[in-house]
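Colleague: Could you take me through the labels used for this model? I'd like to hear what stands behind each one.

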Amino acid sequence: MKKRTVLYVLIGLTICFIWGNSLMPASVSGKLSGQLAQLLSRFVSLPLNPEGDASDGLLRKLAHGTEFCILGAELGVLWCSAGKRCWEQLAFRGAAVALLDETIQLFVSGRAGMIRDVWIDLGGYTVGVLTGLFLCMWLMHRRGISPGSGDCPGTGTRSASRTDPPAGH
């Protein structure tokens, strides 16, 4: 139970980080991206414009995808460890965070919500979910734990989970 609480906190912090970045005006966000690009350029070659700003470059798109990859991995591990099998809810959560993220930017000075970024976010989220699910299932397999099936809210059905007593008892 403590592990799930930690996951919920991490998920909340990740969403706050994502939306917090979207709430920054373009001038602040661009400056931070430029500083990060300068720092990273010491280690890898980055395509920068003459001002050293990566605001429209690869770095910002990678940041979008990476943020959502982390969120997807966290939710994938949570879903797997809880024994959830409601995949549409897992997909909906990623889409909802991505759409809200781009909607926030419609109301911030110098920012614009872009459908391309929603697709980048969803791509990163999908990679993260698959990675989180794989990691969780691999660890459960190594420990000899069988993943259960948890509640699927809204379906009116409940299947046995790891915490349910065996049938007939």
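Modeller: Sure, starting with an odd one: arginine 111 is buried yet has no salt bridge. This is a predicted model, so local features need pLDDT of at least 70 and side-chain atom pairs pLDDT 80 or more, while totals for chains, interfaces and linings use all residues. Residues are numbered from 1 along each chain as its sequence is written, and side-chain values use heavy atoms, with hydrogens and water left out.

Colleague: Why is arginine 111 said to have no salt bridge?

Modeller: A salt bridge needs a side-chain nitrogen of Lys or Arg within 4 Å of a carboxyl oxygen of Asp or Glu. For arginine 111, the nearest side chain of opposite charge (Lys and Arg count as positive, Asp and Glu as negative; His and the chain ends are not counted) is aspartate 101, 6.5 Å away, so the label doesn't apply.

Colleague: What makes the link between arginine 111 and glutamine 105 a polar contact?

Modeller: Their side chains are joined at 3.4 Å. The term covers N or O atoms within 3.5 Å; within protein, one must be able to donate a hydrogen and the other to accept it, and residues adjacent in sequence count only if both atoms are side-chain atoms.

Colleague: Why is cysteine 80 called buried, and cysteine 69 partly exposed?

Modeller: Buried means under 20% relative accessible area, exposed over 50%, partly exposed in between (1.4 Å probe, protein chains only). Cysteine 80 has 1%, so it counts as buried; cysteine 69 has 25%, so it is partly exposed.

Colleague: How many disulfides are there?

Modeller: Zero in the whole structure; the test is a pair of cysteine sulfur atoms within 2.5 Å.
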